[in-house]
Amino acid sequence: MAVSLAWWVLFATCFGTESSPLLLQKKIHLADTPKPKRSLEEQLEVLEVTDLHDLAGKSVYLVMIDRFSREGGHSSEHLEACEGGQWCNGTLKGITSHLDYISAMGFDCIWVTPVVKNFYGPDLGESGYGYHGYWAEDFYSIDPNFGTKDDLKELVQQTHRHGILVEFFWQHVLLNLQTMCFILDIVLNHIRPVHSLSDLSKVKPFNDTRYLHLLNMSGMSFDKYAEKGANWPFPIQALGPGAQCLMNTRKDGTPDGTNSGTYCNNYPENNYSQEHYFQERAHGPPHLKYCGTGDYLCRGYNETVIQDGWFYDLADLDQSVPFVREFLKDWVKYMAWSLVSDWPKNKWFTGRSPSGSATEFDVDGIRLDTTPHLPYDFLKEVQEMLMSLSKPISILGEVTTVNMSFHASYQNKDGQPILGGLENFPLSYNAVPGYCGWPNSVLSPVAQFDLTYLASASELQLTSNLYSDTDLLMNMMDNQDDAPIAGLYHISAGPFSPGTGGCQDDESLLLNGWAWLMFAKGMPVVAWGDEQGNSVYRMRRDAWQYRLLSRMNAIRKERRLAKASAQVRFGSKDQFVFQRGPPNSKHSAWIFTNNLPNCSGRITYPIAPPAPPSGMYWTDALFNQPFEIFGDKITARTKPLVLVLEPNFASS
């Protein structure tokens, strides 16, 4: 769910005195040690024909349409920077025109935010404009601010033609390998902001109150129930007091939708010392900044309200209503289908199907917004429908929780499959404060600059058998809802105040956070702009962040890490070490990360990879930096290490 965006400035860099043939902007450089020429057989081993619908372990570049490129838009002639809650007028054509830029970084997929016609805005409440795509007003139309149906078709088709395209004759057959896949973001939980019957009448097709959840409306008129733009409880909220924690009452007996301004927080602002914990006034345990979805330990947690309440002023759809349920399922099929034989045949889409064997959008995956606010049985039906298509499609659900068993239940519940994959918030909520010291994560009270929690959560996720497929978990250091990684500060006066420190001001922290992101088991997701340091967006391929991500994706492919096994090797307050791939194999990688400041510092890890097989040696594939192994310890700089095995031709 997206509500805002900020652009962030470039930050200080490390090792300005070093030089390299691959010198990058800001003088960050990557490994460039000449490698021996590989045989054709060895080269072909690295390349695999891409199954676009198999998303497991693929790296993903997240694009918000409105914030990427204005090409073809009605304000394309305006070159000024755009930020905040206004429309910037990025377009689908703008993404299509820069697919070379994205694919050159080596990403396997792009994830594109919702495309349906949105409520333009402004909303009378606090949410601003619908530039982000998550406020559907017309399910039948592509938002004209983004482009047309044909623009979307062209974007998907061109995405499939991009990637690492390798063409060679092999037994007289020309092969194209490693093309990119397309993940489409959708919303099935709610529609646009609605404050009156007049607002609701504009929504196609859900223009009647019988299609909505209306908890506790009782004798109120709909206009009275929906009128507020802030300081709820009405409409009954799926977030905050009354849902995720107990709602207090005022002295006059009326419900206090803000809990006297504390909502479901367990601490005042970002003060996490024990004396600042709300104690008996706290709704949840001290390791949580606030009570959220899946936090059953919190007093007053109410699953019914979480599923049937509104998301602020976004009218909540009732999937138990047959028309709502069937329309949403058919609409998903319409947006995802690839063959005429898969076309939904009903009155809502009559006449919309092309003839012959032509294809429509042909997406490869679906990202589903606000997943835990939808009932399990509905989610299961939608996923089963998509898996029954001639080209099965996985849904990747947004489940924002730190409760791992609750999170995993949206992939597998009571032995029954629900969704194909999930955004991996149980790890991301540990990694962001762990590497960057970010104070605004739900786990910031304990996980700020403490990687023990990330290591423990990773171990549990890998060994507990809670999940049916950990390769379909999307890891993130930022996303469309949160501050970009280069803006993740450590110290601030409050949750919405400017800050200092953290990944915003220390490049070593950012490098280590990205090393975890790109090499941990699952699907790494990088948000648009991260590869430019989140300055005013200019798409420069010489930016050191762009070159670094390109190298990381190349290592993932060279070492075949997408679905490789994973094992936690060591975790402490300032270190996290994990291994990918089989031990002592040419596809093995050891990743050493830390959260120590200053790239020029030194660190000793109390664990090292085993002695290499005869004729091989360990080398840092990422920066080609020196390191020393003494027994079971390894000493290096505080930049991350990605150790891989290479042939030692000098010994042969």
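A residue is called buried when its relative accessible area is under 20%, exposed when over 50%, and partly exposed in between (1.4 Å probe, protein chains only). By that yardstick Cys-436 is buried, with a relative accessible area of 0%. The structure discussed here is a predicted model, in which local features need pLDDT of at least 70 and side-chain atom pairs count only at pLDDT 80 or more, while totals for chains, interfaces and linings use all residues. Residues are numbered from 1 along each chain as its sequence is written, and side-chain values use heavy atoms, leaving out hydrogens and water.

Cys-436 leads straight to the disulfides, each a pair of cysteine sulfur atoms within 2.5 Å. Searching the whole structure turns up four of them. In one, Cys-436 is joined to Cys-503 with an S to S distance of 2.0 Å, and a torsion of -80° about the S-S bond makes this link left-handed. Distant parts of the chain are tied together here, 67 residues apart: Cys-436 belongs to helix H11 (residues 425–436), and Cys-503 to the loop between strand E17 (499–500) and H14. Helices (H or I, at least four residues) and strands (E, at least two) are DSSP runs numbered from the N terminus. Like its partner, Cys-503 is buried, at 0% relative accessibility.

A further disulfide pairs Cys-245 with Cys-264, whose sulfur atoms lie 2.0 Å apart. Both cysteines sit in the loop between helix H6 (222–226) and helix H7 (303–308), with 19 residues separating them. The torsion about their S-S bond is about -80°, so this disulfide is left-handed. Cys-245 is buried at a relative accessible area of 0%, and Cys-264 is buried at 4%.

Cys-291 and Cys-298 are also joined by a disulfide, with an S to S distance of 2.2 Å. Here the torsion is about -95°, and the disulfide is therefore left-handed. Burial extends to this pair: Cys-291 has 2% relative accessibility and Cys-298 a relative accessible area of 4%.

Attention now turns to helix H14, which covers residues 507–519. The expected span of a helix is 1.5 Å times one less than its number of residues. For the 13 residues of H14 this gives 18 Å, in agreement with end C-alpha atoms that are 18 Å apart. Because 13 of its 13 residues are buried, H14 is largely enclosed by the rest of the structure. At the start of H14, a side-chain oxygen of Asp-506 comes to within 3.0 Å of the backbone nitrogen of Ser-508.

Technical notes:
A polar contact is a pair of N or O atoms within 3.5 Å; within protein, one must be able to donate a hydrogen and the other to accept it, and residues adjacent in sequence count only if both atoms are side-chain atoms.
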